[in-house]
Amino acid sequence: MASNTLIQKILAKHIVGECSHVAGEPVAIRIDQTLTQDATGTMAYLELEAMGVKKVATELSVSYVDHNMMQNGPENRNDHLYLQSIAASRGIRFSRPGNGICHQLHLERFGIPGKTLLGSDSHTPTGGGIGMMAIGAGGLDVALAMAGQPFRMAYPKIIGVKLTGKLRPWVAAKDVILKMLSILTTKGNVGCMVEYFGEGVSTLTVPQRATITNMGAELGVTCSVFPSDGMTKAFLEAQGRGDSWVELTAEPNAEYDKLIEIDLGTLEELAACPSSPDNIKTVAELSGIKVGQCIIGSCTNSSYRDLMMVAAMLKGRKIHPDVTLAIAPGSRQVLEMLSRNGALADIISAGARILEAGCGPCIGQGQSPANETVTLRTFNRNFPGRTGTKGDQSYLVSPEVAAAAALTGTFTAPSALGIEYPEINDPEEFLIDDSMIIEPPADGEGIEIIRKPTIGKPPVNTALPADLSGVALIKTPDKTSTDDIMPAGIHLKHRSNIPEYAKVVFERFNEAGKPTFAQRAMAARDEGKAGFIIGRDSYGQGSSREHAAICPMYLGVKAVIAMAIERIHAANLVNFGIIPLIFVDRADYDAIAEGDSIQISDVRKALENREEIVAVVNGSKQIRLKYNLTDEDIRIILAGGRLNLR
């Protein structure tokens with residue numbers, strides 16, 4: 001068993017109550033900081049209100065607006081006004097639209113080594129780049145943390161990654177995490193945390209480390225953590241926050257549950273091919289493929305260093321006439337610095353389109369590619385249809401590879417451009433302007449909460465009945481993501497209106513001319529039947545969006561039965577009273593078809609007594625089911641969800 005790791009040191013200072021320190025066993029930790037973004041935050045704060053919390057109990061909580069900024073219709077701005085007013089009333093800082101992406105902003109302005117951060121976005125682990133234990137979770141778990149309650153999880157297995165050597169020119173931090181995905185894949189890592197160490201760490205800047213920890217979310221691990229060292233100190237000092245630095249490293253004799261060694265000097269340019277972040281090939285293998293679109297940005301690759309690299313590659317050159325290139329800076333700080341030093345002019349002169357400092361196309365908000373068009377993106381996910389185009393051909397690459405393709409019109413190794421490699425260093429002083437972060441008043445009692453007509457309420461489930469009798473509403477394939485369950489893009493504006501948003505649950509699987517999933521689910525619900533979702537491996541991977549549990553719950557879903565369910569989604573199911581069940585025999589997945597009747601007798605009694613659950617399909621076939629639930633999880637499910645507990 002691991003000992004004296006950096007992760008264990010941070011955990012030791014935050015554990016609340018008893019802890020066995022055994023991997024897989026329950027543990028509760030104190031949360032120092034929280035973050036929310038507008039797509040998940042509106043519901044999180046509605047839940048905070050429902051709990052009667054008048055002021056947050058954390059050291060720091062920040063509400064960011066970075067997702068829903070297109071404002072097609074009033075819904076987005078209605079959410080923003082609610083978020084700003086509820087933040088002022090509850091003691092929460094508010095980052096205004098246009099200030100930037102929550103993860104990059106938090107790294108720049110608020111992250112502190114050794115602190116715990118819980119965020120209602122799956123890429124919250126970005127904070128691990130400065131030595132934080134930063135964890136993504138559903139909005140209700142974040143609301144509970146803001147209320148002062150500990151975060152419940154499994155004590156982790158710790159994967160140690162020893163880095164040696166130094167990245168060669170044109171090989172990027174993105175290639176490190178793509179290499180990790182080729183090793184660990186996107187599934188099978190639930191309950192694990194990743195810790196980076198070794199002499200290679202000191203060659204990576206904080207933005208490079210943050211790229212790696214950000215996209216570590218695609219591994220399915222709880223978080224990824226780098227040491228806090230001299231490089232971390234230099235970054236914080238450049239951000240005017242040197243007093244936040246503390247040195248944090250693992251002990252020399254640290255032991256890990258699994259060890260991976262990567263020589264940075266042996267890596268080459270990589271790409272994640274359609275349509276999964278772990279479908280990895282080398283750029284050399286893809287060389288010559290025609291490219292129609294390149295987008296550089298997202299919380300993974302939109303730092304000052306990333307965009308200065310792109311500017312240097314584009315300077316004095318023009319993008320290929322068959323390619324559109326869009327740039328989305330990660331923060332207003334980066335955008336303003338580029339505008340002042342001339343780099344932005346170089347990017348614009350090359351023919352790039354400059355987008356707002358926000359998430360934008362990464363979540364399907366604009367810039368969808370044409371049909372049958374290869375798009376290269378420096379993002380973290382390329383799930384089917386995530387771009388907003390069905391049948392999309394989305395590749396995940398480094399900024400260097402994206403810029404090279406924008407110049408040539410094909411997949412091209414940057415080293416083949418004949419351009420001298422630009423050495424980009426972080427500035428000794430970043431531009432500091434926090435005027436778009438609104439501090440809450442000392443006393444928020446008199447603040448009026450702005451509730452426009454599109455702001456709803458969190459739906460409340462009913463207590464779990466003694467028996468469940470219903471129908472298999474849908475049967476999904478491997479790696480069904482929360483994007484598949486609850487699409488983003490144009491539908492994001494309905495996040496605070498559950499009845500409306502629930503209409504598009506599993507929209508990608510709907511067939512023309514047939515009732516939609518929502519219609520089938522509501523018909524079963526209205527007949528008093530329980531809804532069941534049948535999934536394969538890695539069900540619920542991807543985004544932390546709790547709406548992938550809330551909306552199915554609203555439609556009458558009572559249980560998900562799958563081969564494996566990813567961590568955040570399983571927790572969200574529990575929080576809203578849906579039972580996450582696992583096939584004892586994986587072959588039983590094939591014994592259930594969409595539309596089959598499912599009966600689980602004495603389900604409440606089985607959970608109370610921790611007995612195995614048996615489902616009967618079509619009145620005859622018995623299927624054994626197991627569950628990985630704590631006593632608290634079971635208490636929540638029996639009550640019909642966390643909001644039913646007071």
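This is a guided tour of selected strands, helices and residues in the structure above.

The model is predicted, and local features need pLDDT of at least 70, side-chain atom pairs count only at pLDDT 80 or more, and totals for chains, interfaces and linings use all residues. Residues are numbered from 1 along each chain as its sequence is written, and side-chain values use heavy atoms, with hydrogens and water left out.

**The sheet**

Begin with strands 8, 9, 10 and 11, where strands are DSSP runs of E with at least two residues and helices are runs of H or I with at least four residues, numbered from the N terminus. These four strands form an open sheet in the order 10-9-8-11, with parallel pairing; two strands pair if DSSP finds at least two bridges between them. Select 223–225 and 258–263: strands 10 and 11 stand at the edges with a single partner strand each, so one side of each lacks a neighbour in the sheet. On average, neighbouring strands are turned by 20° against each other, direction ignored. Axes here are lines fitted to C-alpha atoms, for helices over the stretch in contact, and angles run from 0 to 180 degrees between N-to-C directions.

Next, select residues 157–164, which form strand 8; six bridges join this strand to the parallel strand 11. Ile159 stands opposite Lys258 in strand 11. Then add residues 173–184: helix 6 packs on the sheet, touching strands 8, 9 (192–197) and 11, and its direction makes about 140° with that of strand 11. Contact means heavy atoms within 4.5 Å.

**Two packed helices**

Move to residues 206–215 and 230–238, where helix 7 and helix 8 pack at an angle of about 105° with axes 9 Å apart. Helix 7 is therefore roughly perpendicular to helix 8, a term covering 65 to 115 degrees. Show Val206, Pro207 and Arg209 of helix 7, which meet Met231, Thr232 and Phe235 of helix 8.

**Thr482**

Select Thr482, which lies in helix 14 (residues 482–485). Thr482 is buried, at 0% relative accessible area; buried means under 20% with a 1.4 Å probe, protein chains only. Beyond neighbours within four places in sequence, its contacts include Gly540, Arg545 and His569.

**Cysteines**

Finally, display the cysteines: the count of disulfides is zero, a disulfide being a pair of cysteine sulfur atoms within 2.5 Å. For Cys19, the closest cysteine sulfur is in Cys223, 15 Å away and too far for a bond. Cys19 is buried, at 18% relative accessible area. For Cys294, the closest cysteine sulfur is in Cys273, 15 Å away and too far for a bond. Cys294 is buried at 0%.

Note on methods
Buried < 20%, exposed > 50% of the residue type's maximum accessible area, 1.4 Å probe, protein only. Parallel < 35°, antiparallel > 145°, perpendicular 65-115°, else oblique.
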